[in-house]
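Biologist: Could you take a close look at one part of this protein for me? I'm new to this, so please walk me through the part that the database record marks out.

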Amino acid sequence: RRLTVVKVFSQLLCGFKVAVGPSYLSCSLLQKCDVHKLDDAPATEVVLTREEGLQYYRIMQTMRRMELKADQLYKQKIIRGFCHLYDGQEACAVGIEAGINLTDHLITAYRAHGYTYTRGGTVKEIMAELTGRRGGIAKGKGGSMHMYTKNFYGGNGIVGAQVPLGAGVALACKYQERNELCVCLYGDGAANQGQIFETYNMAALWKLPVIFICENNKYGMGTSVERAAASTDYFKRGDFIPGLRVDGMDVLCVREATRFAADHCRSGKGPILMELQTYRYHGHSMSDPGVSYRTREEIQEVRSKSDPISMLKDRMLSNNMASVEELKEIDVEVRKEIEDAAQFATTDPEPPLDDLCNHIFSNEPPLEVRGTNPWTKLKSVS
């Protein structure tokens with residue numbers, strides 16, 4: 001009865017906006033998802049509260065500004081090595097987190113800064129990790145690709161290798177009879193990996209509570225999906241596994257699809273596959289200018305027509321859920337947080353050599369570790 005009342009209320013809400021003061025509720029009509037082997041589909045009429053809208057906006061702006069600051073620090077040679085930025089794809093991470101619980105589990109590839117933040121890491125810890133400082137989330141020893149928090153099993157550097165690991169986490173959830181699931185993310189560039197198809201098979205056989213998500217940002221390194229894959233219907237790649245193709249630039253589309261997928265997993269039906277159609281503004285990594293295999297005009301068109309932050313901002317303003325001044329105030333606060341984090345990340349000391357081999361094991365007595373030659377001995381402390 002309660003669900004019926006909520007549904008009727010949502011349908012009524014679609015017909016009007018609150019005219020006096022900020023609207024605390026808005027009903028949005030979403031793009032319909034493409035489905036594979038499913039009788040039902042995620043909701044296309046959804047309610048967004050003012051509190052949710054402001055929260056999503058702040059998180060996405062924080063992620064965007066954090067990545068732009070990382071770009072700046074990399075070009076100043078303060079951040080070194082591998083660095084893969086996530087700007088343009090913020091709706092994927094924020095929508096996924098809005099559709100699951102923090103007690104659920106998540107694993108992804110090396111474009112991981114955004115998920116480290118949504119999983120509970122702080123901007124200061126992430127920026128310090130990027131610069132290899134002691135206050136980093138992995139104590140300065142992981143860098144851009146290897147960050148971890150509770151129930152987040154990190155960015156993984158080997159293409160596609162996180163997918164079987166994620167299925168293993170889902171197996172643990174099922175084995176221990178916890179009402180939890182694992183979200184397992186990979187990109188279109190990894191989608192042709194054999195280990196992914198082996199994992200599909202095991203997950204389907206064992207009915208594992210895992211949501212496989214392909215973040216299709218149109219390019220695997222410098223190769224477009226059309227040149228890399230005979231079939232670009234990534235949501236159908238599971239064959240015997242149900243699938244969804246979702247507008248990954250709309251945070252509400254991602255949220256509703258993730259909720260739908262999570263309900264599927266928790267009901268004991270086994271795995272489900274989602275393809276999020278998204279886009280990255282930067283190149284594949286900081287060593288890739290990103291304009292040799294695509295044009296600047298293409299990037300600008302995506303920015304102007306389907307930027308995830310702009311879309312949410314326009315939705316909130318047009319529904320009288322927030323004022324321009326209110327959103328600008330959030331922007332100012334976010335910029336200050338990023339600048340403070342960058343200041344910390346450039347002044348915090350680097351970890352000493354004595355810390356190099358610590359934390360090899362989680363709960364073991366101290367042990368000796370051989371260094372770069374048999375005569376160099378280092379100590380590892382859990």
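Modeller: Sure! The part in question is residues 60–352, which an unreviewed UniProt entry annotates as "domain: Dehydrogenase E1 component". Keep in mind that you're looking at a predicted model. The predictor sounds confident about the chain, with a mean pLDDT of 93 and 94% of residues at 70 or more. Residues 1–21 are another story: pLDDT stays under 50 there, and the model has 17 contacts beyond four places in sequence for that stretch.

Back to the annotated span. Its end C-alpha atoms lie 34 Å apart, and the span is 45% helix and 11% strand. Now zoom in on helix H3, residues 90–99. Nine of its 10 residues are buried, so H3 is largely enclosed by the rest of the structure. If you want to find them, the buried ones start with Glu90, Ala91, Cys92, Ala93 and Val94, and carry on with Gly95, Ile96, Glu97 and Gly99.

What about empty space inside? Searching the whole structure turns up one cavity of 30 Å³ or more, and the largest cavity holds about 30 Å³ of space. Its lining includes Leu30, Gln31, Lys32 and Cys33, then Pro42, Ala43 and Thr44, and also Cys253 and Glu256. Sorted by class, that lining has five nonpolar residues, two polar ones and two charged ones. For your own tour, try picking out H3 with its nine buried residues, then hop over to Cys253 and Glu256 at the cavity lining.

Definitions and conventions: Residues are numbered from 1 along each chain as its sequence is written. This is a predicted model: local features need pLDDT of at least 70, side-chain atom pairs count only at pLDDT 80 or more; totals for chains, interfaces and linings use all residues. Side-chain values use heavy atoms; hydrogens and water are left out. UniProt positions are given in the numbering used here, feature names are shortened, and annotations may be inferred rather than shown by experiment. Helices (H or I, at least four residues) and strands (E, at least two) are DSSP runs, numbered from the N terminus. Buried means under 20% relative accessible area, exposed over 50%, partly exposed in between (1.4 Å probe, protein chains only). On a 1 Å grid over the protein atoms alone, a cavity is a set of points where a 1.4 Å probe fits but cannot get out, and a pocket is an open set with protein on both sides within 12 Å along at least five of seven lines; lining residues have an atom within 4 Å of a point. Grid points are joined across faces, edges and corners, and a volume is the space filled by probe spheres set on the points. Ala, Val, Leu, Ile, Met, Phe, Trp, Tyr, Cys and Pro count as nonpolar, Asp, Glu, Lys and Arg as charged, and the others, Gly among them, as polar. pLDDT is the predictor's confidence in each residue, from 0 to 100. Contact means heavy atoms within 4.5 Å.
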